[in-house]
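Me: I've got a model open on my screen and I'd like to talk it through. Can we go through it bit by bit?

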Amino acid sequence: SPGGVGFDINCGVRLLRTSLTEAELPAPLRSELINAIFKAVPTGVGACGAYLPKSEAELKRALQRGMAWALDRGYCWPEDLDFTEEGGVMSEADPA
């Protein structure tokens, strides 16, 4: 079920289905496959602690500017804004 990985909040998670059963995939190969997928699929800037707010003011700027703030700091690519709801920022949002 995709519900356990963010489907409920529309975080962009995609589901991949295969006809292989667990028994058909030996444990060493399963582990190798999991590691390969983890390396190939972006997990977000928070996965490795890439962003920790240094101040309340910095957090407020990030909340106000949304993905434009992240783009300025190299946390995403320009084309990410094209594929993000409302271009990555909600103009009516109030971070107060």
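Me: Let's start with Asp72: is Asp72 buried or exposed?
Reply: First, a word on what we're looking at: this is a predicted model, where local features need pLDDT of at least 70, side-chain atom pairs count only at pLDDT 80 or more, and totals for chains, interfaces and linings use all residues. Residues are numbered from 1 along each chain as its sequence is written, and side-chain values use heavy atoms, with hydrogens and water left out. Buried means under 20% relative accessible area, exposed over 50%, and partly exposed in between (1.4 Å probe, protein chains only). With a relative accessible area of 52%, Asp72 counts as exposed.

Me: Which side chain does Asp72 meet in a salt bridge?
Reply: A salt bridge here is a side-chain nitrogen of Lys or Arg within 4 Å of a carboxyl oxygen of Asp or Glu, and by this rule the count comes to one. The partner is partly exposed, at 36% relative accessible area. The N to O distance is 2.7 Å, and the residue that Asp72 meets is Arg65.

Me: What order do the elements run in from the N terminus?
Reply: Helices (H or I, at least four residues) and strands (E, at least two) are DSSP runs, numbered from the N terminus. The protein has four helices and zero strands. So by those DSSP runs, the order is α-α-α-α.

Me: In which helix is confidence highest?
Reply: pLDDT is the predictor's confidence in each residue, from 0 to 100. The protein has a mean of 79, with 73% of its residues at 70 or more. Where pLDDT is low, the predicted coordinates should not be read in detail. Confidence is lowest in α1, at a mean of 87, and highest, at 90, in helix α3 (residues 67-72).

Me: How is the aromatic pair of Trp69 and Tyr75 arranged, and what is the angle between the planes?
Reply: Rings of Phe, Tyr and Trp (its six-membered ring) pair if their centres lie within 6.5 Å; planes under 30 degrees apart count as stacked, over 60 as edge-to-face and the rest as tilted. A search of the whole structure finds one aromatic pair. Trp69 and Tyr75 form that pair, which is tilted, with 5.9 Å centre to centre and an angle of 40°.

Me: Of those two, what about Trp69: buried or exposed?
Reply: Its partner Tyr75 is partly exposed, at 29% relative accessible area. Trp69 has a relative accessible area of 5%, and that makes Trp69 buried.

Me: How many residues does the protein have, and what percentage count as buried?
Reply: The protein exposes about 8,100 Å², by the Shrake-Rupley method with a 1.4 Å probe (for residues, only the protein chains shown count as cover). Carbon and sulfur atoms supply 59% of that area. Of the 96 residues, the buried share is 11%.

Me: Which residues is Val89 in contact with, leaving aside its neighbours within four places in sequence?
Reply: Val89 sits in the segment after α4 (78-82) and is partly exposed, at 30% relative accessible area. Its C-alpha atom is separated by 9.7 Å from that of Ala62, 27 residues apart along the chain. Contact means heavy atoms within 4.5 Å, and the residues in contact with Val89 are Gln64, Arg65 and Gly66.

Me: What is phi of Glu86 near?
Reply: Glu86 also lies in the segment after α4, and is partly exposed, with a relative accessible area of 43%. Phi is positive there, in a residue other than glycine, with a value near 55°.
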